Amino acid sequence: MSQLVLVVEDDPMMQKMAMKILRSRGFGCELAGNGREAVSKAAALKPGLILMDLSLPEMNGWEATRALKADPALARIPIVACTAHAMVGDRETAIAAGCAECLTKPYELDELIALVQRYVGPAQSQTKVA
């Protein structure tokens, strides 16, 4: 199983924070800035986990999740919705689209690390520099 985490986020500050936290803990990660890019990067990289923002340009997170789950080669990759949408029904909508669970932003550092470890296991010592 791949330990690579695909972070799908369009907000530059959230991108920087998530990437810094994950890399500092030894996880390999790649970034996609919109839903369309997320689908193509997931196909190319086959990450072990996708952290999917839901409010994205070009193709939103719900659409990108449905597209990923419709592709037999990508359907088994767990997707966790990371969203500031804490409205009633948003979690259910994300789960219905194919997300395994939701992480509400802003999230705590330990909460993010625990979630990533739950899906890809503890970070391995990196042998190559990203």
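Colleague: Which residues touch the most other members in the largest nonpolar core?

Modeller: V5, V7, L22, L49, L51, L112 and V116 do, out of 21 residues in that core. Keep in mind that this is a predicted model.

Colleague: Which elements give two or more residues to this core?

Modeller: Those are β1, α1, β3, β4 (79-83) and α5. The most comes from α5, with six residues.

Colleague: Take V116. What does V116 touch, not counting residues up to four places away in sequence?

Modeller: V5, L22, F27, L49, L51 and G121.

Colleague: What does the second core include?

Modeller: L6, W62, A64 and I79 are among its 20 residues. This core is separate from the one we just covered.

Colleague: W62 and A64 again, then. Which residues are buried in helix α3?

Modeller: G61, W62, A64, T65 and L68 are buried there, and the helix runs over residues 61-70.

Colleague: Where do they fall, seen down the axis of α3?

Modeller: Within an arc of 165°, so the buried residues line one face of the helix.

Colleague: And what covers the buried residues of α3?

Modeller: The cover includes α2 (35-45), β3, β4 and α4 (90-97).

Colleague: Which residue caps the N-terminal end of α3?

Modeller: N60 does. One of its side-chain oxygens sits 3.0 Å from the backbone nitrogen of W62.

Colleague: Switching to charges. How many salt bridges does the count come to?

Modeller: Five salt bridges. Let's start with E9 and K105, where the closest N and O atoms are 2.8 Å apart.

Colleague: Why does that pair tie parts together?

Modeller: E9 lies in the loop between β1 (5-8) and α1 (12-24), while K105 lies in the loop between β5 (101-104) and α5 (109-120), so the salt bridge ties together parts that are 96 residues apart in sequence.

Colleague: Is E9 buried or exposed?

Modeller: E9 is buried, because its relative accessible area is 5%. K105 is buried too, at 14%.

Colleague: Which residue forms a salt bridge with K105 at 3.2 Å?

Modeller: D53, going by the closest N and O atoms. This pair also links distant parts of the chain: D53 is in strand β3 (residues 49-53), K105 is in the loop between β5 and α5, and they are 52 residues apart.

Colleague: Is D53 buried or exposed?

Modeller: Buried, because its relative accessibility is 5%.

Colleague: What is D53 in contact with, leaving aside neighbours within four places in sequence?

Modeller: V8, E9, D10, G61, C82, T83 and K105. With K105, the side chains also make a polar contact at 3.2 Å.

Colleague: Any salt bridge for R118? Which residue is its partner?

Modeller: E101, with the closest N and O atoms 3.0 Å apart. R118 is in helix α5 and E101 in strand β5, 17 residues apart, and the pair links distant parts of the chain.

Colleague: How about accessibility? Does R118 count as buried or exposed?

Modeller: R118 counts as exposed, because its relative accessibility is 54%. E101 counts as buried, at 17%.

Colleague: Back to shared partners. Which residues do salt bridges join into one network?

Modeller: E9, D53 and K105.

Colleague: T83 came up as a contact of D53. Where is T83 found?

Modeller: In strand β4. T83 counts as buried, at 3% relative accessibility.

Colleague: What does T83 touch, not counting residues up to four places away in sequence?

Modeller: D53, L54, L103, T104 and K105.

Colleague: And how far is T83 from I21?

Modeller: They are 17 Å apart in space, C-alpha to C-alpha, and 62 residues apart in sequence.

Colleague: New topic, cysteines. How many disulfides does the structure hold?

Modeller: Zero.

Colleague: Why is there no bond between C99 and C102?

Modeller: Because the sulfur of C99 is 6.0 Å from the sulfur of C102, too far for a bond. For C99, that is the closest cysteine sulfur. For C102, the closest one is in C99.

Colleague: What's the relative accessible area of C99?

Modeller: 4%, so C99 is buried. C102 is partly exposed, because its value is 22%.

Terms used:
Residues are numbered from 1 along each chain as its sequence is written. This is a predicted model: local features need pLDDT of at least 70, side-chain atom pairs count only at pLDDT 80 or more; totals for chains, interfaces and linings use all residues. Side-chain values use heavy atoms; hydrogens and water are left out. A salt bridge is a side-chain nitrogen of Lys or Arg within 4 Å of a carboxyl oxygen of Asp or Glu. Helices (H or I, at least four residues) and strands (E, at least two) are DSSP runs, numbered from the N terminus. Buried means under 20% relative accessible area, exposed over 50%, partly exposed in between (1.4 Å probe, protein chains only). A polar contact is a pair of N or O atoms within 3.5 Å; within protein, one must be able to donate a hydrogen and the other to accept it, and residues adjacent in sequence count only if both atoms are side-chain atoms. Contact means heavy atoms within 4.5 Å. A nonpolar core is a set of buried Ala, Val, Leu, Ile, Met, Phe, Trp, Tyr and Cys residues joined through side-chain atoms within 4.5 Å. A disulfide is a pair of cysteine sulfur atoms within 2.5 Å. The arc is that of the directions from the helix axis to the C-beta atoms.
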